[in-house]
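Trainee: I should like to work through this structure by question and answer. May we begin with the overall fold and then turn to the interior?

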Amino acid sequence: DNLDVTHLKTFITTYRSFTTPEVLLQKIIQRYNVPDEFGPKRLVIQLRCANLLKQWVETSFLDFDGNFLSELSSFLEELNKESSLSKFAVAISSSIAKKQEERQNTKNEN
């Protein structure tokens, strides 16, 4: 799993060379909505999508603003309805709130 984290961080820092944050979020949401016929792999895929979003918010919050943040929040509401994934929704929402507070404090200091 440590290897996955390394790949994940590398991906988050380099994805802008081939796509935009908006397209990436759309693709993550599309991937998250895996058909039921994937069986047990469905949850694994959804967990990886949620983990990617969590890492993305925590390491590159500057990618998130206005409408984009609103789209992510709508997706988190959907994620929160899934009992097996609600803890990710809570963790990501908490990270967003913390990052927004940090952003506001930085603006106030300048």
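The exchange below goes from the whole chain to its helices and core.

Trainee: What pattern does the protein chain follow along the sequence?

Mentor: Please keep in mind that this is a predicted model. The secondary structure of the protein chain amounts to 5 helices and 0 strands. Read along the sequence, the pattern is therefore α-α-α-α-α.

Trainee: What radius of gyration does the protein chain have, and does it agree or disagree with a compact globule?

Mentor: The C-alpha trace spans about 50 × 30 × 25 Å along its principal axes. For a compact globule of 110 residues, a radius of gyration near 13 Å would be anticipated. The value for the protein chain agrees with this, at 15 Å.

Trainee: Among contacts between residues at least 6 apart in sequence, what percentage join residues at least 24 apart?

Mentor: One instance of a contact in the chain is that of Leu24 with Trp56. Of the contacts between residues at least 6 apart in sequence, the share that joins residues at least 24 apart is 65%.

Trainee: How far apart are the end C-alpha atoms of helix 2, and what span should its 12 residues have?

Mentor: Helix 2 covers residues 21–32, and at 1.5 Å a residue it should span 16 Å. The distance between its end C-alpha atoms agrees with that expectation, being 16 Å.

Trainee: Within what arc do the buried residues of helix 2 fall?

Mentor: The buried residues of helix 2 are Pro21, Leu24, Leu25, Ile28, Ile29 and Tyr32. Viewed down the helix axis, they line one face, because their arc is within 135 degrees.

Trainee: Is Leu24 buried or exposed, and what is its relative accessible area?

Mentor: Leu24 lies in helix 2. Beyond four places in sequence, Leu24 touches Phe11, Tyr15, Thr19 and Trp56. Buried means under 20% relative accessible area. Leu24 is therefore buried, with a value of 9%.

Trainee: Which helix gives the largest share of the largest nonpolar core?

Mentor: In soluble globular proteins, nonpolar side chains tend to be buried together. The largest nonpolar core here holds 29 residues, of which Leu53, Trp56, Phe64, Leu72, Leu79 and Ile96 touch the most other members. Helices 1, 2, 3, 4 and 5 each give two or more residues to this core. The largest share, 7 residues, comes from helix 3.

Trainee: Which residues is Leu79 in contact with, leaving aside neighbours within four places in sequence?

Mentor: Leu79 is one of the core members that touch the most others. Its contacts beyond those neighbours are Tyr32, Ala50, Leu85, Ser86, Phe88, Ala89 and Ile92.

Methods. Residues are numbered from 1 along each chain as its sequence is written. This is a predicted model: local features need pLDDT of at least 70, side-chain atom pairs count only at pLDDT 80 or more; totals for chains, interfaces and linings use all residues. Side-chain values use heavy atoms; hydrogens and water are left out. Helices (H or I, at least four residues) and strands (E, at least two) are DSSP runs, numbered from the N terminus. The expected span of a helix is 1.5 Å times one less than its number of residues. Buried means under 20% relative accessible area, exposed over 50%, partly exposed in between (1.4 Å probe, protein chains only). The arc is that of the directions from the helix axis to the C-beta atoms. A nonpolar core is a set of buried Ala, Val, Leu, Ile, Met, Phe, Trp, Tyr and Cys residues joined through side-chain atoms within 4.5 Å. Contact means heavy atoms within 4.5 Å. The radius of gyration is taken over C-alpha atoms; the globule rule is 2.2 Å times the number of residues to the power 0.38.
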